[in-house]
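I opened my notebook to keep a record of what I looked up in this structure. The entries are short and follow the order in which I worked.

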Amino acid sequence: MRLSITGWSFTESESLENMDDRLPAHVWIEAEIAKCQAKGLSVYYINKGSLTGGTLLLKINGLGNGFKILTQIRDLDGDLSWMDAMGEGALEEKEIDAYILRSIDRDPDIWAIEIEDRTLQNPFEENKEDEYE
């Protein structure tokens, strides 16, 4: 049976009762997108993944300075970290788009977001100094 909450659709197995202690993926991602937009960054959904979970891929468009693809990972303690999915440095957009499509084919629950930032920085990366200012 499919359920719907404000435009989001999910199955009973994905229901809110079955979540762990982490914030649902869509809540966390929407909050991060709002922060990006507040900084003047353009953000686009490539794929909306599972309501409750799913890995996040960030396609960073350098607006003429190349592209980067980052994947969300967790360390042994469960803390969020980021890894260059295709190695260091700026890449061609067609390579990144092909990687994203392959990733979605393997796991439709994956989230993929494109962010435009000339510096190719990860705006989802936590900056501890900013939290205390």
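The entries below go from the whole chain to one helix, then to aromatic rings and two loop residues.

**Entry 1: the whole chain**

I noted at the start that this is a predicted model. I looked up the helices and strands and found three helices and seven strands in the protein chain. Along the sequence, I read their order as β-β-α-β-β-β-β-α-β-α.

I then checked burial: of the 133 residues in the protein chain, 38% are buried. The exposed surface of the protein chain comes to about 8,300 Å², and 48% of it is supplied by carbon and sulfur atoms. I also looked at contacts between residues with a separation of 6 or more, and 65% of these join residues 24 or more positions apart.

**Entry 2: helix α2**

I picked helix α2, residues 93-106, and checked its length. With 14 residues at 1.5 Å a residue, the helix should span 20 Å, and its end C-alpha atoms are 20 Å apart, which agrees.

Which residues of α2 are buried? I listed I96, Y99, I100, S103 and I104. Looking down the axis of α2, I found that these buried residues fall within an arc of 130 degrees, so they line one face of the helix. On the face turned away from that buried side, I found the exposed residues K94, L101, D105 and R106.

I also asked what covers the buried residues of α2. The cover includes four strands: β3 (42-47), β4 (56-61), β5 (67-74) and β7 (111-116).

**Entry 3: aromatic rings**

Two values describe a pair of aromatic rings: the distance of the centres and the angle of the planes. I searched the whole structure and got three aromatic pairs.

For W28 and F124, the ring centres are 5.8 Å apart and the planes stand at 90 degrees, so I wrote this pair down as edge-to-face. W28 is in helix α1 (residues 25-38), while F124 is in the loop between β7 and α3 (128-131), so the pair links parts of the chain 96 residues apart. Both W28 and F124 are buried.

For Y45 and W111, the ring centres are 6.4 Å apart and the planes are at 50 degrees, so this pair is tilted. Y45 lies in strand β3 and W111 in strand β7, so the pair ties together parts 66 residues apart in sequence.

Are Y45 and W111 buried or exposed? I found Y45 partly exposed, at a relative accessible area of 33%. W111 is buried, with a relative accessible area of 0%.

I made two further notes on rings. K48 lies over the face of Y45, 4.6 Å from the ring centre. W28, W82 and F124 form one aromatic cluster.

**Entry 4: positive phi**

I looked up two residues that have a positive phi and are not glycine. L63 has a phi of about 50 degrees, and L63 sits in the loop between β4 and β5. Phi of L120 is near 60 degrees, and L120 is in the loop between β7 and α3.

How exposed is each of the two? L63 has a relative accessible area of 35%, so L63 is partly exposed. L120 is at 12% relative accessibility, so L120 counts as buried. The cut-off I used for buried is under 20% relative accessible area.

Definitions and conventions
Residues numbered from 1 in each chain as written. Predicted model: local features only at pLDDT ≥ 70, side-chain atom pairs only at ≥ 80, totals over all residues. Heavy atoms only, no water. Helix = DSSP H or I, 4+ residues; strand = E, 2+ residues; numbered from the N terminus. Expected span 1.5 Å × (residues − 1). Buried < 20%, exposed > 50% of the residue type's maximum accessible area, 1.4 Å probe, protein only. Arc of directions from axis to C-beta. Contact = heavy atoms within 4.5 Å. Areas by Shrake-Rupley, 256 points an atom, 1.4 Å probe, with all protein chains shown as cover. Phe/Tyr/Trp six-rings, centres within 6.5 Å; stacked < 30°, edge-to-face > 60°. Lys NZ or Arg CZ within 6 Å of the ring centre and 35° of its normal.
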